[in-house]
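Here is a friendly walk through one protein chain, from the whole fold down to single residues. Keep the picture open as you read.

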Amino acid sequence: MSEPVPLSRVLIADDQRDVLDALALLLKGEPFEVEKATSPAAVLAALRRSAFDALLIDLNYTRDTTSGREGLELLEAVRQLEPELPVIVMTAWGTIDLAVAAMRAGASDFIEKPWDNQRLLSVLRNQVELGRALRTARRLQAENELLHGAKNEFIAHSAAMQPVLQLVARVAPSDANILITGEAGVGKGELARLIHERSHRREHAFISVNMGGIAESIFESEMFGHVRGAFTDARADRIGRFELADGGTLFLDEIACLPYGQQGKLLRVLESGDYEPVGSSRTRHADVRVVSATNGDLRAMVAGNAFRDDLLFRLNTVEIRLPPLRERRDDIMPLAALFLDVYARKYGREPGGFARDAAQALLAYAWPGNVRELSHVIERAVLIRGGPQIQGADLMLARRPAGPGPQLEQLTLEQAEETLIRAALERCDGNVQAAAEQLGLSRSSLYRRMEKYAT
């Protein structure tokens, strides 16, 4: 049994009752809860009284009938009350100048009367979903800032990281596509966010997509969106990742997992910025800066006909290699201190610091899982420590004893799986594709297990 579609609250405003009734009738068959207003004052009163997912307003009311001035004044007042509320404006006296003025004042879209029902519904559905997605992104960002501080601190004190920072300083302000390479867990996502924050796009969205987690059958819908009725379960329009990232940065993590059959579709968007949502013949354009990341060898995949060389050329205008944690030993303790503060805040504990044996253990460990593993180890230590400071034993890092390791029959199922995965990755020098083949797993399945065990 399918889940009920949640109702979206829409406020419609027009000084003509018959127009409001016609709009309400049109929206009756949609998952919308409609409230009506007949004047700018009534609109502002409704906004102060309750929350809405979108606003559909006329530009002309009773004071004058053609200039759109009342509607533009209302739009400016709405923006002061609800800066992120999608507002769609409509008028029977549409001109290019008025449309431009409305968009400059903060309108999300513009519709002329008499309206086309399908276009109005499509615009309204898209704006409702886009508004919700952006509010969710803002909320998650606020929660992240509360947990981590106003800005995510990017630790890079070691000599091995200085060339990385210098290259980022040179290329981040540009719109060049960037490919970040490095082992699993080195912090490629954090570096991508740093690039975004140091670009002119920093005030717009940063949208992250794990390409290893998207099934080939839904790739186009996830990336480009779809329209209602495009396929059996498409009960409403869906906003794709390119549209969500418009004006900002789209981070394509684990780009090596992109199926060969879908690579040409991605290439077309990178070349022109144009795409069509599934089920739509209307071409849309996205102004997006693409940063991608992989721990695989894309050039070897090109040689093996598993990755398109023209797509690789588009992705790696600039390539940045992020070194593993074992090559940046001077960053281990600053990173550990950062994670200690983060997880102490998260779980309501005092940071307390590290005992001498804990610091020695952190510096002596090989960190095959890189920064992700360090984060996991510190989080666990914060939860299990018995005193004010984290002791060496709290880190539980004795995974590679000098003598023979534990037999598989002595381990739990999860411990055995983690041991086998780590061993396969070590044998293959971190090559995920080769390790997956040895383990009899798909690459995406291995990625999911690596995230689970912080490898």
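Among contacts in the chain between residues at least 6 apart in sequence, what percentage join residues at least 24 apart? The figure is 69%.

## The chain as a whole

Before we go on, please note that this is a predicted model. The chain holds 19 helices and 12 strands. It has 455 residues, and 47% of them count as buried.

## Helix H3: checking a length

Let's begin with a small piece of arithmetic. Helix H3 covers residues 69-81, which is 13 residues, and at 1.5 Å a residue it should span 18 Å. The C-alpha atoms at its ends are 19 Å apart, so the model agrees with that expectation.

Which residues of H3 are buried? They are Glu-70, Gly-71, Leu-72, Leu-74, Leu-75, Val-78 and Arg-79. As you look along this list, keep a general rule in mind: an α-helix has 3.6 residues a turn, so residues three or four places apart point the same way.

## Helix H13 and its two partners

Two packed helices are described by the angle between their axes and the distance between the axes. Try this on helix H13 (residues 332-346) and helix H14 (residues 356-364), whose axes come within 10 Å and cross at roughly 120°. That angle makes H13 oblique to H14, and the crossing is right-handed. On the H13 side, Ile-332, Met-333 and Ala-336 take part, and they meet Ala-359, Leu-362 and Leu-363 of H14. Sorted by class, this contact has 6 nonpolar residues, with no polar and no charged ones.

H13 also packs with helix H15 (residues 370-384): here the axes come within 9 Å and cross at roughly 45°. H13 and H15 are therefore oblique to each other, and their crossing is right-handed. From H13, the residues in this contact include Ile-332, Leu-335, Phe-339 and Tyr-343, while those from H15 include Val-371, Leu-374, Ile-378 and Glu-379. The classes here come to 11 nonpolar, 1 polar and 2 charged residues. Ile-332 and Ala-336 of H13 appear in the contact with H14 and in the contact with H15.

## Helices H6 and H7

Now look at another pair. Helix H6 (residues 162-171) packs with helix H7 (residues 188-197) at an angle of about 35°, and their axes are 9 Å apart. This crossing is right-handed. Val-164, Leu-165 and Val-168 of H6 meet Leu-191, Leu-194 and Ile-195 of H7. Their contact is made up of 6 nonpolar residues, no polar and no charged.

## Two residues to find yourself

Start with Arg-125, which sits in helix H5 (residues 117-148). Is Arg-125 buried or exposed? Its relative accessibility is 11%, so it counts as buried, since the cut-off for buried is under 20%. Setting aside neighbours within four places in sequence, Arg-125 is in contact with Glu-30, Phe-32, Arg-228 and Asp-237.

Next, find Leu-397 in the loop between helix H16 (392-395) and helix H17 (413-427). With a relative accessible area of 12%, Leu-397 is buried. Leaving out residues up to four places away in sequence, Leu-397 touches Ala-361, Leu-362, Tyr-365, Trp-367 and Val-377. One of these, Leu-362, also belongs to the contact of H14 with H13. How far apart in space are Leu-397 and Ala-358, C-alpha to C-alpha? They are 9.8 Å apart, with their positions 39 residues apart in sequence.

Key:
Residues are numbered from 1 along each chain as its sequence is written. This is a predicted model: local features need pLDDT of at least 70, side-chain atom pairs count only at pLDDT 80 or more; totals for chains, interfaces and linings use all residues. Side-chain values use heavy atoms; hydrogens and water are left out. Helices (H or I, at least four residues) and strands (E, at least two) are DSSP runs, numbered from the N terminus. The expected span of a helix is 1.5 Å times one less than its number of residues. Buried means under 20% relative accessible area, exposed over 50%, partly exposed in between (1.4 Å probe, protein chains only). Axes are lines fitted to C-alpha atoms, for helices over the stretch in contact, and angles run from 0 to 180 degrees between N-to-C directions. Angles under 35 degrees count as roughly parallel, over 145 as roughly antiparallel, 65 to 115 as roughly perpendicular and the rest as oblique. A crossing is left-handed if the near helix is turned anticlockwise from the far one by less than a right angle, and right-handed if clockwise. Contact means heavy atoms within 4.5 Å. Ala, Val, Leu, Ile, Met, Phe, Trp, Tyr, Cys and Pro count as nonpolar, Asp, Glu, Lys and Arg as charged, and the others, Gly among them, as polar.
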